[in-house]
Amino acid sequence: MPVAQTSPFREEKIVLHPIKILLLCVGLLGLYACGGGSGGASSPTPTPMPMATPTPSPTPTVTPTPTVTPVPSITPTPTTIPVPTITPSPGGFSLFIKQGTVTITASPDTLNGAQSLSVWGYSATESNTGTTVPGVLLEAREGETITVNIKNDLSQPHNFSVRNLPSTQITPAASALIDSGKSLTYTLTPTTAGVYLYEDTVANGVNSAVGMAGALIVRPAQALGKVAWPGGPTYDKEALWVIQDMDYSHWNLVALDPSQGPSKVITASYTPNYFLINGMNGFQAMYAPGTELRGPAGTTTYLVRIVNSGQYAQSLHFHGNHFKVISRNGVRLSEFEEIDTLNMPPKETAMVLYTISQRGYYPMHVHSAQLETGNGVYLNGTAAMIVGE
Amino acid sequence: MKINGLFSPRVLTGSALLLVISAYSNTVLAQKAFVVRDVATANNVSLVVRDFTKTMRDGTPVPFWVFCTGCMGMNNTGLTLPGPILELTAGTPGQVTLNMMMAPQEDTGSIASNAYLGHTIHLHGLDMDTQNDGVPESYAAQNSGSSVTLREGVTYMINPPGTVRVDDRYIGSHMYHCHVHTVKHLEMGMYGMFIVKGGGALAGHINAAGPKYDEEWNMMLSTVDPRYHTAAAKGDSTIFADYIPKYFLINGEEGYDVANPSNLDLRHSVTLAGQSKNLVIRLMGILSTQASFEIRDANNVALPFTLYNVDGFALKTPQTVTQVQISPGQTKDIMVTLTTAGVFYPQVQFSDLRSAQPYPNGLVKTELTVVQ
Ligand SMILES: [Cu+2]
Ligand SMILES: [Cu+2]
């Protein structure tokens, strides 16, 4: 499977931080020499960042030498991390609608923000040990038929809807309900390569907002290789970004409370305080395999499939290079405009081609206020890293 | 060029640092001089950071941190929100130096605030390399885990010797802003316009393939949630978990207002002198909401114009429209051909991120006067 949507190891690359170094040591199974540096892997206390000189500062200006790009000191090797495989049970996918947990990790700079969020979502396992947000990644090839068996392990009825997929390409229709404890098998025959949002549309969108959303990737026939669609642009690597906002206090806690439920959420009001990318907070997502963009500078072009399953428009700003927008909501564009900021309105999808043109580290981040935070903790919102090697 | 007693604030050239001071001729305000935004070439410019308190129309004072070119030492005249306009000719080398002397910044005293000490300059849209990108976190990833040196005052090199990244493709509008804790520092006003202009045969052209313009007008769109400007909002704060914009600004002002002559940046006049004139309007979005731009006439009819550049890059095919959207971090350059005298109202409607509902006080108007 070319795309790792989630990983048991949400690896981050932050140097000089003992907790991170410890994670790296465990995650890389001793492939790296860990334990060097001031803190050491066993020290539980973080090493504070050196203080910057307070103002007024008479220090003469420091001019970085831009022509010399030092080789990054620690380069995580994401390919060594095992990736959960989608159960390709004969004929299709199995999804289980369950309550799950999104674990928000703390900012390594400030140690603030660790939080466990209760969500609903689509797990790949009945035992509910897998990730639920975003839901299991569904993948198909143009013109091929896949089946998606969905079992509802929650107590309310749910449904299954794929935005922008013609109704002739999916049965049963979204009006079919999956009752509590029951299963339904959906048959999908998508004919158009692209990325789609699937979600639950019951309860005025509350179910989707508390986590019941995921992505369907449709690729062209295998023989065509790495092309976005038959006759479309080529690429070297792929990434998928499912972005989602959550108003945890006023939506999740109400909808998931058995004594209240989705119908009790006041949908006129929405003040999201968590902003996830592939079910992760910013510091988790930055260097996560499948989320980060990484490769040799000059020869790596990514096809990034982007799904906004949330309710807020997110304006995604890429550093390091402009990129080409090749499709919007399934519509293949005839001219690929080069931009550096992609506005993603709620429930929309897009595909872009990003060429890593320079060595170094470049963020992709949302460019608006609280969306850059996780409940007010800076950089714990929508973010990913771009690494040119 | 005088219109209604106002000195036209536009500065079309910028081979040197220009500080334009104009006197308002109205007798009531005869003693006041008004400083219009600096225009500086980015070939070699130094920026400092200063405290700047702006009194909003409702009387509320809001503290900002702004960039300034002419405010070395104790000289605090000429502070503007946004900061000065930086201009660079495509293909030429540029140096933008951040001088941290006497710069206001976050309080020290906790790990949280230490992480967000100092300031940087991110040249938004110029696709800078990591060393010159002004981002503490990615700088640290490349430089042994420390971004301290990045925050103490740095010269950012554009097109350093032997390299030309910012070439004719970049002719158009970009931005610069601090990239330390951008949630707080952007909101505090640490931003300005960065315009890449064509040189040689492309001088005065809207982009490398586009037409020439006769007049230019730059508009930076921003929003203010005054809660973000308080002492409580620093480091990680639940204040940053929500955004409630209260003020909506074009070029730091809440809208064209005859009674308030400080908003010279919101009025522009064009003299036709018997010819049609091409006016480029550069829209730079440093806002945290959505926004749409239109040009209305005296009958409130939206007029067509042509969109040429998005994020400082030329569209393959320019689009003639009556409205463009500007989302956070985006820039758009449009051109309108003026042929008849009249008064027009370029305006921005700010709207929310959930369903693009207009904010009740989110319509900000400017005034364009065209005379024969
Ligand atoms: Cu700053
Ligand atoms: Cu920016």
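His119(B) and His185(B) are both buried. In this predicted model, the two histidines serve, together with Cys178(B), as the protein donors of the copper ion (ligand 1). Another copper ion (ligand 2) takes its protein donors from chains A and B.

**Copper ion (ligand 1)**
- The protein donor atoms are ND1 of His119(B), SG of Cys178(B) and ND1 of His185(B), at 2.0 to 2.1 Å from the ion.
- Along the chain, the donors follow the spacing H-x58-C-x6-H.
- Distant parts of the chain are linked here, with His119(B) and His185(B) 66 residues apart.
- His119(B) lies in the loop between α1 (111–114) and β10 (122–124) of chain B, whereas His185(B) belongs to helix α4 (residues 182–187) of chain B.

**Copper ion (ligand 2)**
- NE2 of His367(A), ND1 of His124(B) and NE2 of His177(B) are the protein donors, and they lie 2.0 to 2.1 Å from the ion.
- The pair His367(A) and His177(B) joins two chains, because His367(A) sits in the loop between β20 (360–366) and β21 (373–374) of chain A and His177(B) in strand β12 (residues 172–177) of chain B.
- Both His367(A) and His177(B) are buried.

**Chain B as a whole**
- Chain B contains four helices and 25 strands.
- Of its 372 residues, 64% are buried.
- Among contacts in chain B between residues at least 6 apart in sequence, 69% connect residues at least 24 apart.
- The accessible surface of chain B is about 12600 Å², and carbon and sulfur atoms account for 54% of this area.

Methods: Residues numbered from 1 in each chain as written. Chains lettered and ligands numbered in written order. Predicted model: local features only at pLDDT ≥ 70, side-chain atom pairs only at ≥ 80, totals over all residues. Heavy atoms only, no water. Donors = N, O, S within 2.8 Å, 3.2 Å for Na, K, Ca; no water. Buried < 20%, exposed > 50% of the residue type's maximum accessible area, 1.4 Å probe, protein only. Contact = heavy atoms within 4.5 Å. Areas by Shrake-Rupley, 256 points an atom, 1.4 Å probe, with all protein chains shown as cover.
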